[in-house]
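Work through these short exercises with the model in view. Try each task before you read its solution.

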Amino acid sequence: MNVLFRFISFISIFIISYSFATPLAGVKVVLIRPHQADSINIDGFKCYLSNIVISDSNKKKDLSPSNYHLLDFTSSDTATLYLSPFANANLLEFNLGLDSVINTSGALGGQLDPSNGMYWTWQSGYINFKIEGTSPHCLARNHEFQFHAGGYAYPYNALNTINLELIPNKAFHIEIDLALFFKLISIQNLNHVMSPGPNAIKISKALASCFKTVIDEK
Amino acid sequence: MKNKILLLLLSVVFLALISIDKHESSFPKYFPKPVYQFEQNQSNDLKIELGRTLFYDPILSLDNTISCASCHNPYNAFAHVDHNLSHGINDKIGKRNAPVLFNLAWHKSFMWDGAINHLDVQALAPISHPDEMGETMSNVLLKLNRNQIYKQLFYQAYGDSQINTERTLKSISQFLLSLISSNSKYDSMLLGKIQFNTQEQNGYRLFKLHCNFCHKEPLFSDFSFKNNGLSLDTSLNDFGRYSISLLPNDSFKFKVPTLRNVEFSYPYMHDGRFKTLAQVMNHYNSIDLKNKKISTELQRNLNLSSNEKVDIIAFLRTLTDKKFLFNPQHAYPKK
């Protein structure tokens, strides 16, 4: 039993180290804050991106090695997404949030650890993204807004798939335009979303449309 | 000689492949296939013992006063007696009655409204609920990591002393999964070891006629959500499954509770409104047929005579599993 176990772990360590031997490309993800004139102050922004697939015009696909990424913009406006380099890629596809399989798999570790603050403990499920801050336009207590979006069960599945076009072999970064987000939802009318439901669906769609790729000028 | 060694090796490999999980070999053949995937959380006695220590330890609460067992008493099949609604830290009163804990591997979801989708994440709910244990998982990890006894227990159970969320939660599950109740008089009857007396036999017949749709044998629940005709308690305004699914059809539906050990799991229903089984029988015998929200299985007059009600209760008492209730392996761990 023990020997068998050792043998299996030897093989898996071998496979893991092999796949990590190929260098990963770090793609910068930049948070674009709302314009000063909109007087919206962001204190925290975190999101999960998952199931990243890169493909070329022949529909050849490559999966990113670790397929769940928790991006945290609390202390910096940039984060890095590690992808496997893929020649001639022209499409980047990923989910904003985590799918129902992960949501129903019980206690997970690493980036999916429920103690990362991205998990609803009273109603099982991950929080796909959190946007928190203040604005004088916000009528809630202390002018605070809190958007926690998630939900994996029909009909309130808040997962959105994002497709971004790439120019083959040109370096790029990803921007998340929160100015656009606050144009799409008006915080005069909506300032708190804390559970799955129609509002979570609405703000998830809004945030999904705020992702874009920008070619790096050299 | 060489052949013999090869044969031995092959049989070792074969045995390793077919060896089933400890929990899986501890329930009778007439139980259905469990929902819990044991291969995702392989058991050993040390993990179960670690889980048991955590279950009885108030270290999981903010002010170190409340343990899981404060609300789930082993001698009452892990339900909360004396209180209809549960009590947490600083005497805060919750809005629901603590259910029994056993045969959890067959549940498709947890809590009266199914808010929790997997046994391994269940403990996060009471730990972080402000009216229950009021703690955060990250602080629990800090406390456990500072504790030499836990360092040792995790080391023994997992081969190194790393304490993280996943291991902590899965160890609690290990203890919960070891709680299997399958040694009642009813079980002995099924196995042909004993026979019911006429009263129990008649109660069993009536039970199959009126109750078995939802409280399905042999686990005495199909773990679905149903409306069994309780009137709304306006001081609680508990809409049950609706608050999770937001589907209007789910309002006032609650998860069908098991009836094993029901003799000891009073008070009854999600809000503990009934103290005795006689009150429960009177409820089912006087369903308000004008209320069309009640699940169809109960949209009829049961017309039970008082003798018949007593017979059903006699049958329900055959579901008591004394061996389970007083099993020292489930009780407070002796230090």
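**Exercise 1: Across the interface**

Task: find how many residue pairs are in polar contact across the interface of chain A and chain B.

Solution. The rule finds 8 residue pairs in polar contact between chain A and chain B, both residues at pLDDT 80 or more. A polar contact is a pair of N or O atoms within 3.5 Å; within protein, one must be able to donate a hydrogen and the other to accept it, and residues adjacent in sequence count only if both atoms are side-chain atoms. Next, sort the side of chain A that touches chain B: 12 residues are nonpolar, 10 polar and 1 charged. Ala, Val, Leu, Ile, Met, Phe, Trp, Tyr, Cys and Pro count as nonpolar, Asp, Glu, Lys and Arg as charged, and the others, Gly among them, as polar.

This is a predicted model: local features need pLDDT (the predictor's confidence in each residue, from 0 to 100) of at least 70, side-chain atom pairs count only at pLDDT 80 or more, and totals for chains, interfaces and linings use all residues. Residues are numbered from 1 along each chain as its sequence is written, chains are lettered from A and ligands numbered from 1 in the order in which they are written, and side-chain values use heavy atoms, leaving out hydrogens and water.

**Exercise 2: Contacts and confidence**

Task: state how many residues of chain A are in contact with chain B, then give the model's scores.

Solution. In chain A, 23 residues are in contact (heavy atoms within 4.5 Å) with 23 residues of chain B. The scores are ipTM 0.85 and pTM 0.89. For chain B, the mean pLDDT is 91, and 91% of its residues reach 70 or more.

**Exercise 3: Box**

Task: give the box that the C-alpha atoms of chain B fill.

Solution. Along the principal axes, the box is roughly 70 × 55 × 40 Å.
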